[in-house]
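This report goes through one protein model for a reader who has not seen it before. The sequence and the structure come first, and the description follows.

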Amino acid sequence: MNHEPAFYTTDRLRMVDEQLAARDIYDERVLDAMRTVPRHLFVPDTHQHMAYGDGPLPLAEGQTISQPYIVGLMTQLLRLQGGEKVLEIGTGSGYQAAVLGQLAAQVYTVERHAALAAQAASMLHALHYDNVQVLEGDGSLGWPEFAPYDAILVTAAAPEIYQDMLNQLGDGGRLISPVGGRRQQVLVRWYRRAHVFHSEQIIPVAFVPLRGEKGWGENEWKRWQENWR
Ligand code: SAH
């Protein structure tokens with residue numbers, strides 16, 4: 001990390017100033033984390049020169065790494081202080097997991113594509129994110145094994161968020177997920193206070209679909225087409 005070409009460092013600091021701080025990302029810990037994590041190492045070689053641009057980028061398996069601003073916004077909405085146990089659904093490149101790793105005590109991140117999970121795990125290991133554990137499997141039901149979590153971040157578009165997943169939050173926990181159709185969703189934040197769950201809508205977003213048992217399967221896709229055509 002210390003030996004990266006200077007232009008990557010310059011580009012990354014500029015990304016934080018122009019795309020995050022100049023908008024509405026004000027949490028200094030989030031800004032610092034994104035000044036630190038080498039995003040260019042998480043994108044495909046062919047796109048490294050665009051790693052600090054203001055947009056999403058393609059990953060293998062038809063997946064995408066989110067625009068830096070969206071990563072900053074979702075991370076800020078989790079209000080991490082440093083001691084939390086966090087669950088991420090949709091590891092993808094592992095970039096968001098690395099940012100979470102800078103800001104929380106323990107991060108579990110779930111990816112259904114074996115190749116993406118393996119690649120993310122090896123990069124996170126190479127960069128010494130020892131508090132980030134990559135799990136391979138279907139995260140559409142959350143990951144009850146390590147619950148309760150202080151924060152859950154879903155980085156794929158869910159048709160809806162089920163109570164089973166919300167129940168994996170501890171008291172005071174926050175869950176953030178894009179929720180809605182296949183192409184357009186709303187970013188929603190839930191907040192748990194004892195047995196009461198509050199939710200608020202944040203902004204419209206476009207994520208790749210969450211798959212798996214509670215995600216977009218063939219049946220949901222057909223039902224959605226019937227409803228929206
Ligand atoms: N957070 C990632 C980007 C996520 S893209 C990053 O920082 O790069 C969404 C990811 O969710 C994809 O990699 C996709 O394979 C994964 N995904 C989709 N459905 C899933 C499921 N049910 N369980 C786990 N991962 C899933």
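A salt bridge here is a side-chain nitrogen of Lys or Arg within 4 Å of a carboxyl oxygen of Asp or Glu. The model is predicted, so local features need pLDDT of at least 70 and side-chain atom pairs count only at pLDDT 80 or more, while totals for chains, interfaces and linings use all residues. Residues are numbered from 1 along each chain as its sequence is written, and side-chain values use heavy atoms, with hydrogens and water left out.

**Salt bridges**

Side chains of opposite charge can pair when their charged atoms come close. The structure holds 7 salt bridges. Three of the pairs are listed in the table.

| Pair | N to O distance |
|---|---|
| Arg14 and Asp11 | 3.8 Å |
| Asp54 and Arg23 | 2.6 Å |
| Glu200 and Arg189 | 3.0 Å |

Helices (H or I, at least four residues) and strands (E, at least two) are DSSP runs, numbered from the N terminus. For accessibility, buried means under 20% relative accessible area, exposed means over 50%, and partly exposed lies in between (1.4 Å probe, protein chains only).

Arg14 and Asp11 both belong to helix α1 (residues 6-21), where they are 3 residues apart, about one turn of the helix. Arg14 is partly exposed at 43% relative accessible area, and Asp11 is partly exposed at 24%.

In the second pair, Asp54 forms a salt bridge with Arg23. Asp54 sits in the loop between α2 (28-36) and β1 (57-58) and Arg23 in the loop between α1 and α2, so this pair ties together parts that are 31 residues apart in sequence. Asp54 has a relative accessible area of 39%, which makes it partly exposed; Arg23, at 37%, is also partly exposed.

In the third pair, the side chains of Glu200 and Arg189 meet. Glu200 is part of strand β9 (residues 196-205) and Arg189 is part of strand β8, so the salt bridge ties together parts 11 residues apart in sequence. Glu200 is partly exposed at 38% relative accessibility, whereas Arg189 is buried at 9%.

Glu28, Asp32 and Arg35 are linked in a network of salt bridges.

**The sheet**

Two strands pair if DSSP finds at least two bridges between them. In which order do the 7 strands of the open sheet stand? The order is β5-β4-β3-β6-β7-β8-β9, with mixed pairing. At the edges are β5 (132-136) and β9, each with a single partner strand, so one side of each is left without a neighbour in the sheet. From one strand to the next the twist averages 15 degrees. Axes are lines fitted to C-alpha atoms, for helices over the stretch in contact, and angles run from 0 to 180 degrees between N-to-C directions.

Strand β6 (residues 149-154) runs parallel to β7, and 4 bridges join them. Tyr149 has Leu169 of β7 as its bridge partner. On to β8 (residues 185-193), β7 is joined by 7 bridges in an antiparallel arrangement, and Leu175 has Trp190 of β8 as its bridge partner. A hairpin of 4 residues connects β7 to β8. Of the 12 residues of β7 (residues 169-180), 10 are buried, so this strand is largely enclosed by the rest of the structure.

Strands β8 and β9 are antiparallel and joined by 8 bridges. Here Arg192 has Phe197 of β9 as its bridge partner.

**Helix α3**

Helix α3 (residues 68-77) packs on the sheet and touches β6, β7, β8 and β9, and its direction makes about 165 degrees with that of β9. Contact means heavy atoms within 4.5 Å. Is α3 enclosed by the rest of the structure or open? All 10 of its 10 residues are buried, so α3 is largely enclosed. Among them are Pro68, Tyr69, Ile70 and Leu77. Just after α3, Arg79 takes a positive phi of about 50 degrees.

**The ligand**

A residue is near a molecule if one of its heavy atoms lies within 4 Å of it. By that rule 26 residues surround the ligand, and the closest are Ser93, Glu111, Asp138, Gly139 and Arg211.

A polar contact is a pair of N or O atoms within 3.5 Å; within protein, one must be able to donate a hydrogen and the other to accept it, and residues adjacent in sequence count only if both atoms are side-chain atoms. A nitrogen atom of the ligand lies 2.9 Å from an N or O atom in the side chain of Glu88. For the side chain of Thr155, the distance from a ligand nitrogen atom to an N or O atom is 3.1 Å. With Arg112, a ligand nitrogen atom is 3.3 Å from a polar backbone atom.
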